[in-house]
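Hi,

Here is the structure I promised to pass on. My notes on what turned up in it come right after.

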Amino acid sequence: MLILARKKGEAIQIGNEIEIKILSIQGDQVKIGIEAPKTVEVYRKEIYEQIQEENKQAATSSMNVLDFIKKSQK
């Protein structure tokens, strides 16, 4: 993991297309701005994890339905 210290108004560049800028700091809250191509999905970590869990559940449900269909055709 790379750890960087940044002040308000400073930025971090990731590759050629992604920039993360520190917009404000108030107490223990930091507001950041992210500039990235529309093709790059940007999520808060907790939302990303929720999406991953829902995808796993959907895949499991699909497999259960397929198993049910196969068994009912016999």
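First, a bit of vocabulary: two strands pair if DSSP finds at least two bridges between them, and strands (E, at least two residues) and helices (H or I, at least four) are DSSP runs, numbered from the N terminus. Keep in mind that this is a predicted model, where local features need pLDDT of at least 70, side-chain atom pairs count only at pLDDT 80 or more, and totals for chains, interfaces and linings use all residues. Residues are numbered from 1 along each chain as its sequence is written, and side-chain values use heavy atoms, with hydrogens and water left out.

Now the fold. There are one helix and three strands, in the sequence pattern β-β-β-α. The strands make an open, antiparallel sheet ordered β1-β2-β3. β1 (11-14) and β3 (29-35) are at the edges with a single partner strand each, so one side of each has no neighbour in the sheet. Seven bridges join β2 and β3 in the antiparallel sense; Lys-21, for one, has Gly-33 of β3 as its bridge partner.

As for burial (buried is under 20% relative accessible area, exposed over 50%, partly exposed in between; 1.4 Å probe, protein chains only), 4% of the 74 residues count as buried. Ser-24, in strand β2 (residues 18-26), is buried because its relative accessible area is 16%. Leaving aside neighbours within four places in sequence, Ser-24 is in contact (heavy atoms within 4.5 Å) with Lys-8, Gln-29, Val-30 and Lys-31.

Cheers
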